[in-house]
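Please read these notes with the model open beside you. Each point takes up one feature and says what to look for.

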Amino acid sequence: MPHSFRSTQRKLERDILWFLQKVLIVTEVHASSWSFCCLPEYHPLMLTGCRNLFLTFSSLVNRKTWTCKSFKSKSDLHFSASAASFFPASVPSSPRHRTVNGSSSLHHRLSSTFQPPRRFRFTGPMELKETLQVLEQIAPLSLAESWDNVGLLIEPSRPRPVTTILLTNDLTDAVMAEAEALNCDLIISYHPPLFRPIKRLNQKDWKQRLAVRAVEAGIAVFSPHTSWDSVKGGVNDWLVAGLGSGQVSVLSQALGNASHCHRLEFMARSTEELNKVMEELKACDGETSLISAGSRADSTGIHASVLCSDSALTPSVQTLLQHSSSNQSLSILKLEKPPLPGHGQGRLSVLEQPVSVAEAVQKMKSHLGLGHLRLALGWGQTLESSVRTVAACAGSGASVLSGVKADLYITGEMSHHEVLDAAAKGTSVLLSDHSNSERGFLAVFRERLAVRLPESVTVVVSKADRDPLVVV
């Protein structure tokens, strides 16, 4: 084999290995986005020589899911059609990159042996931490309310593979007995069974008793609660969809996590002074929380700004006040957290097809699987009144729905006086009892979770879980 041929083949192998190193294991990628269009046009024999490398690459796909450090958005994890940023600078952008239906000819030749599925799934034994990663992908815990107690609440001391997951709205004695009978490895309880701080674990308190049973049985307990309410496509979207399709908006917008929430603007007389100030700013907080936001020069000096976190604010201001130029020109701006479109508490839907109050009642009975609901007609409304705007909040939704203008409120429970206030404003109120407004989502979530887990993992919706209140 000619030396140049071997050299080029080794270069191809290095390029592919470089690509593999850029890929991290975690989340799903759409197969339609895969493209090797930025690889040079290599000889077919070289591709044959690298077949084992691609087979190894393919086996990694079947074991885990991937994400990449270089994605523009974490919420939109996919490879762009131009994958140039994934390859080293030594790979040229050659006019020989002939494409076939938007993919390179190299990708076209390899399509018969390398074709990732549209949704990657874990295979083999499933560890608890891997299951938690999947749950985080579906509904990030950062979407939960600050007062809530979400995430992994009980973790067994002896890890074991997750083969059976039980979904429940509430963890009760009956549900725990069901989990034990199923030899369950993980309970996903929508409501957190441990909410307030506890100082002891004994058999007198029912929640403490359940926590002890879970530990003894080696069962992990996870609670998503308000993260499921907030996430787009979550509990509240499912609830309001009971009346049909419509233009849906969020009532209480979720905000992103901004690590740098302050902007400091100041002036320096010269480049030397600016460099000195910047070095001192970096040193005062270990060079971890400051980001330079740019600078510009004019006749008065150099205007500069930095972004800093809460923890870096005080030492940064103290540093700037020690310099006369920045002391006289310093201004501090508070940065708002960015909104997360589609995520947040409560939903308002403008129905495409308005319904009467009576029709709304029947639709929600069917949607929730209930024989009875409680209805308070708004002032001046009848069962034949038209419902076009609907505000919904699962559980106890009065605080979210208060002041929202709508023809109908749908929630689990409201106090007597909260119902009177809404009805006096002409808004009808439909109540299902707290957990009945949430429980039906478990079946929806089961399907979403199951497709992301290996077939060896069984996901079960509890049969013992039910609202404590019944109509008699």
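1. Start with one salt bridge. The side chains of R296 and D298 form a salt bridge, with N and O 3.6 Å apart; the term stands for a side-chain nitrogen of Lys or Arg within 4 Å of a carboxyl oxygen of Asp or Glu. R296 is exposed at 52% relative accessibility, while D298 is partly exposed at 35%. Here buried means under 20% relative accessible area, exposed means over 50%, and partly exposed is in between, using a 1.4 Å probe and protein chains only.

2. Before going further, note what kind of model this is. It is a predicted model, in which local features need pLDDT of at least 70 and side-chain atom pairs count only at pLDDT 80 or more, whereas totals for chains, interfaces and linings use all residues. Residues are numbered from 1 along each chain as its sequence is written, and side-chain values use heavy atoms, with hydrogens and water left out.

3. How many salt bridges does the structure hold? There are 13. One of them joins R446 and E447, at 2.8 Å from N to O. R446 is partly exposed, at 27% relative accessibility, and E447 is also partly exposed, at 46%. Salt bridges also link D173, E180, R209 and R213 into a network.

4. The pair D185 and R160 deserves its own point. Their side chains meet in a salt bridge of 2.8 Å, N to O. D185 is in the loop between α6 and β7 and R160 is in the loop between β5 and β6, so the salt bridge ties together parts 25 residues apart in sequence. Helices (H or I, at least four residues) and strands (E, at least two) are DSSP runs, numbered from the N terminus. Is D185 buried or exposed? D185 is buried, with a relative accessibility of 7%, whereas R160 is partly exposed at 30%.

5. Next, the sheet. Five strands make up an open sheet with mixed pairing, in the order β5-β8-β7-β6-β19. Its edge strands, each paired on one side only, are β5 (151–154) and β19 (458–461). From one strand to the next, the twist averages 25°. Two strands count as paired if DSSP finds at least two bridges between them. As background, strands of a sheet pair through backbone hydrogen bonds, either parallel or antiparallel.

6. One pairing can be followed residue by residue. Strands β7 (residues 186–189) and β8 (residues 220–223) pair in the parallel sense over three bridges. Within this pairing, I187 has V221 in β8 as its bridge partner. Helix α6 (residues 173–181) packs on the sheet, where α6 touches β6 (164–168) and β7, and the direction of α6 makes about 165° with that of β6. Such angles run from 0 to 180 degrees between N-to-C directions, and the axes are lines fitted to C-alpha atoms, for helices over the stretch in contact.

7. Which residues of α6 are buried? They are V175, M176, E178 and A179. These residues cover an arc of only 160° around the axis, so they are on the same side of α6; the arc is that of the directions from the helix axis to the C-beta atoms. The buried residues of α6 pack against β6, β7 and α7 (206–217).

8. Two residues call for a check of the backbone angles. N183, just after α6, has a positive phi of about 55°, and N183 is a residue other than glycine. N183 is exposed, at 53% relative accessibility. D433, in the loop between β18 and α16, has a phi near 80°, again a positive value in a residue other than glycine. D433 is buried, at 15% relative accessibility.

9. The loop between β18 (428–431) and α16 (441–450) also holds N436. N436 is buried, with a relative accessible area of 14%. Apart from neighbours within four places in sequence, N436 is in contact (heavy atoms within 4.5 Å) with L368, L370 and D467.

10. Last, the cysteines. The structure holds zero disulfides, a disulfide being a pair of cysteine sulfur atoms within 2.5 Å. Why do C261 and C308 not form a bond? The sulfur of C261 has its closest cysteine sulfur in C308, 7.1 Å away, which is too far for a bond. Both count as buried: C261 at 10% relative accessibility and C308 at 0%.
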